[in-house]
Amino acid sequence: MSTLWKDVIAFCEKAIENTSLDQDELREKISNAIQDVRDSNTLQVLFAHRWDEQLDEFTREPDLDELEELKAELGKVAPLKRKNIGIKFCPECNNMLYPAQHMTPDGGRLQYECKVKDCGYSEFATDTCIYINRMTQDIDTLSLVNSDMASDPTLQHTRGEFDPCPECNSDDAVRFQTLANRDESGMRLYFVCCNKDCGHKWVNPDFGVARDDDDAEEVG
């Protein structure tokens, strides 16, 4: 759970114990927590207690009974910040620990076990999350380049400064840098052949290092 959301819940609990509520401080803590981690389930709980998202405040101050309910509901749905799940190793034999279910009379509990027969080390898990599946999309930037960019008057032409078009051998093409996927692609140059019968698109294999002039236009 996000530290700021924990702070909101702890503040509610303290207010209930002291039977007094500082509305301004609660509003500030909730606003900071929303900015830190915004989650639809948490917002629904706040809206149910008449939280106004535009004003960043409650339209009606919750009483202590409602505050108890708000604390309990936030404790169930307050969002988790993105975290990394690492591999656990046995402190006895340094082999990898594997998740397993430990059955008790009250039900099951997650623990990590060493599979080495002569070891048998195990420990209870402090977090029930053992695996995160992150989906990423790999975008082919070159496929997003339109051949019509060859007629864009704002783009610079190569005219012999770079290798000719690999398809038609024309020495006239427009060149530019793309802002998409810059972390992965760096500062490489993209080219579109100006031959109307060609329109081939390619990437400079030398990552945009020109022979005479390395200044290029940037397009998003």
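Helices and strands here are DSSP runs, a helix having at least four residues and a strand at least two, numbered from the N terminus.

**Entry 1. Overview**

I am looking at a predicted model. I looked up the secondary structure first and found six helices and 10 strands in the protein chain. I then checked burial: of the 220 residues, 30% count as buried. I also looked at how far apart in sequence the contacting residues are. Among contacts between residues at least 6 apart, 51% join residues at least 24 apart.

**Entry 2. Helix α2**

I went to α2 next. This helix has 14 residues and reaches 20 Å from its first C-alpha to its last, close to the 20 Å expected at 1.5 Å a residue. At the N-terminal end I found D22 as the cap, with a side-chain oxygen 3.2 Å from the backbone nitrogen of D24.

I listed the buried residues of α2: Q23, L26, K29, I30, S31, A33 and I34. What do they pack against? I noted α1, α3, β1 (51-52), β2 and α4 as their partners.

K29 made me stop, as a lysine in that list. Why does K29 count as buried? Its relative accessible area is 18%, and buried means under 20%. I looked for a charged partner and found E25, whose side chain meets that of K29 in a salt bridge at 3.9 Å, N to O. Both residues lie in α2, four residues apart, about one turn of the helix. E25 itself is partly exposed, at 34% relative accessibility. I followed the pair further and found D7, E25 and K29 linked in a network of salt bridges.

**Entry 3. Helix α4**

I turned to α4, residues 64-77. I recorded 14 residues and a reach of 20 Å from first C-alpha to last, close to the 20 Å expected at 1.5 Å a residue. The buried residues are L67, L70, K71 and L74. Seen down the axis of α4, these buried residues fall within an arc of 100°, so they line one face of the helix. On the other side of α4 I found D65 and K76 exposed.

I checked what the buried residues of α4 pack against and wrote down α1 (3-18), α2 (23-36), α3 (40-48) and β2 (57-58). The N-terminal end is capped by D63, which places a side-chain oxygen 3.2 Å from the backbone nitrogen of D65.

I made one distance check between α1 and the start of α4. N18 lies in helix α1 and is partly exposed, with a relative accessible area of 45%. The C-alpha atoms of N18 and L64 are separated by 9.9 Å, with these positions 46 residues apart along the chain counted as their separation.

**Entry 4. Salt bridges**

How many salt bridges does the structure hold? I found seven. Side chains of opposite charge can pair when their charged atoms come close.

Besides K29 and E25, I looked at E66 and R60, where the closest N and O atoms are 3.0 Å apart. R60 is partly exposed, at 35% relative accessibility.

I then looked at E161 and R175, whose side chains meet in a salt bridge at 3.5 Å, N to O. This pair links distant parts of the chain: E161 is in the loop between β6 (156-157) and β7 (173-178), and R175 is in strand β7, 14 residues apart. Is R175 buried or exposed? R175 is buried, with a relative accessible area of 1%.

**Entry 5. Strands β3, β4 and β5**

I looked up the pairing around β4. Strand β3 (residues 97-104) and strand β4 (residues 107-114) run antiparallel and are joined by eight bridges. Within this pairing, H102 stands opposite R109 in β4. I also found β4 paired with strand β5 (residues 122-124), in the antiparallel sense, over three bridges.

I chose Q111 in strand β4 for a closer look. Its bridge partner in β5 is F124. Q111 counts as buried, at 7% relative accessibility. The side chain of Q111 makes a polar contact with the side chain of E113, at 2.6 Å.

Which residues does Q111 contact, leaving aside its neighbours within four places in sequence? I listed Y98, P99, A100, H102, S122, E123, F124 and A125.

How values were computed: Residues are numbered from 1 along each chain as its sequence is written. This is a predicted model: local features need pLDDT of at least 70, side-chain atom pairs count only at pLDDT 80 or more; totals for chains, interfaces and linings use all residues. Side-chain values use heavy atoms; hydrogens and water are left out. Two strands pair if DSSP finds at least two bridges between them. Buried means under 20% relative accessible area, exposed over 50%, partly exposed in between (1.4 Å probe, protein chains only). A polar contact is a pair of N or O atoms within 3.5 Å; within protein, one must be able to donate a hydrogen and the other to accept it, and residues adjacent in sequence count only if both atoms are side-chain atoms. Contact means heavy atoms within 4.5 Å. The expected span of a helix is 1.5 Å times one less than its number of residues. The arc is that of the directions from the helix axis to the C-beta atoms. A salt bridge is a side-chain nitrogen of Lys or Arg within 4 Å of a carboxyl oxygen of Asp or Glu.
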